[in-house]
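Work through these exercises with the model open beside you. Try each task before reading its solution.

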Amino acid sequence: NWSQSVSFSLPFLSEKLKATIEKLSSLSGKEVFSDITSPQYLAAKWIAEQDSIPNPSTRGTGLSLDDPRFEQRYIMALFFFSMNGYNWKN
């Protein structure tokens, strides 16, 4: 079972990050998330732990896994991390 292998190899993952990775593995594959430096892992981690988009259904922040915008949000975050977004100047 893949989720067990991720839990074993990356035991420090929060439950929210594990659920996010499980959801996104259908888009990016499972193996890319085992590399904590990959753009896919960094995008998933950002969505799970730092995304501040308002969530009206929870009155908190971060989109629910079943929100229709969730995968779109991941693709945008993936683009940011793939293109080394923290180093953009303009």
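**Exercise 1. Find which residues Ser25 touches, leaving out residues up to four places away in sequence.**

Solution.
- Step 1. This is a predicted model. Start by placing the residue: Ser25 lies in helix 2.
- Step 2. Look for heavy atoms within 4.5 Å. With residues up to four places away left out, Ser25 touches Lys30 and Phe33.
- Step 3. Check the accessibility. The cut-off for buried is under 20% relative accessible area. Ser25 has 11%, so Ser25 counts as buried.

**Exercise 2. Place Lys30 and decide whether Lys30 is buried, partly exposed or exposed.**

Solution.
- Step 1. Lys30 sits in the loop between helix 2 and helix 3.
- Step 2. The relative accessible area of Lys30 is 40%. Partly exposed covers the range between 20% and 50%. Lys30 is therefore partly exposed.
- Step 3. Now compare sequence and space. Lys30 and Gln40 are 10 residues apart in sequence. Their C-alpha atoms are 10.0 Å apart.

**Exercise 3. List the elements of the protein in order from the N terminus.**

Solution.
- Step 1. Count by type. The protein has four helices and two strands.
- Step 2. Put them in order. From the N terminus, the elements run α-α-α-β-β-α.

**Exercise 4. Describe how helix 2 and helix 3 cross.**

Solution.
- Step 1. Two packed helices are described by the angle between their axes and the distance between the axes.
- Step 2. The axes of helix 2 and helix 3 come within 9 Å. They cross at roughly 135°.
- Step 3. Helix 2 and helix 3 are therefore oblique to each other. Their crossing is right-handed.
- Step 4. Name the residues that meet. Helix 2 brings Lys16, Leu17, Thr20, Ile21, Leu24 and Ser28. Helix 3 brings Gln40, Tyr41, Ala44, Lys45, Ile47, Ala48 and Glu49.
- Step 5. Sort the residues of this contact of helix 2 with helix 3 by class: seven are nonpolar, three polar and three charged.

**Exercise 5. Describe how helix 2 and helix 4 cross, and name the residues in contact.**

Solution.
- Step 1. Helix 2 covers residues 15-28 and helix 4 covers residues 70-82. Their axes come within 11 Å and cross at roughly 75°.
- Step 2. Angles of 65 to 115 degrees count as roughly perpendicular. Helix 2 and helix 4 are therefore roughly perpendicular to each other.
- Step 3. On helix 2, the contact is made by Thr20, Lys23, Leu24, Leu27 and Ser28. On helix 4, Phe70, Glu71, Tyr74 and Leu78 take part.
- Step 4. The residues of this contact of helix 2 with helix 4 divide into five nonpolar, two polar and two charged.

**Exercise 6. Do the same for helix 3 and helix 4.**

Solution.
- Step 1. Helix 3 covers residues 39-49. Helix 3 and helix 4 pack at about 125°, with their axes 8 Å apart.
- Step 2. That angle makes helix 3 oblique to helix 4. The crossing is right-handed.
- Step 3. Helix 3 contributes Pro39, Gln40, Leu42, Ala43, Ala44, Trp46 and Ile47. Helix 4 contributes Phe70, Arg73, Tyr74, Ala77, Leu78, Phe81 and Ser82.
- Step 4. By class, the contact of helix 3 with helix 4 has 11 nonpolar, two polar and one charged residues.

**Exercise 7. Follow Ala43 from its helix to the residues that Ala43 touches.**

Solution.
- Step 1. Ala43 is found in helix 3.
- Step 2. Its relative accessible area is 0%, so Ala43 is buried.
- Step 3. Leave out residues up to four places away in sequence. Ala43 then touches Tyr74, Ala77, Leu78 and Phe81.
- Step 4. Take Phe81. Ala43 and Phe81 are 38 residues apart along the chain. Their C-alpha atoms are separated by 6.5 Å.

**Exercise 8. Place Arg59 and Asn84, and give phi for each.**

Solution.
- Step 1. Arg59 is in the loop between strand 1 (54-55) and strand 2 (60-61). Its phi is near 60°, a positive value in a residue other than glycine.
- Step 2. Arg59 has a relative accessible area of 80% and is exposed.
- Step 3. Asn84 is in the segment after helix 4. Phi of Asn84 is near 55°, also positive in a residue other than glycine.
- Step 4. Asn84 is partly exposed, at 45% relative accessible area.

Definitions and conventions: Residues numbered from 1 in each chain as written. Predicted model: local features only at pLDDT ≥ 70, side-chain atom pairs only at ≥ 80, totals over all residues. Heavy atoms only, no water. Axes fitted to C-alpha atoms, helices over the stretch in contact; angles between N-to-C directions. Parallel < 35°, antiparallel > 145°, perpendicular 65-115°, else oblique. Nonpolar A, V, L, I, M, F, W, Y, C, P; charged D, E, K, R; others polar. Left-handed = near helix turned anticlockwise from the far one by under 90°. Buried < 20%, exposed > 50% of the residue type's maximum accessible area, 1.4 Å probe, protein only.
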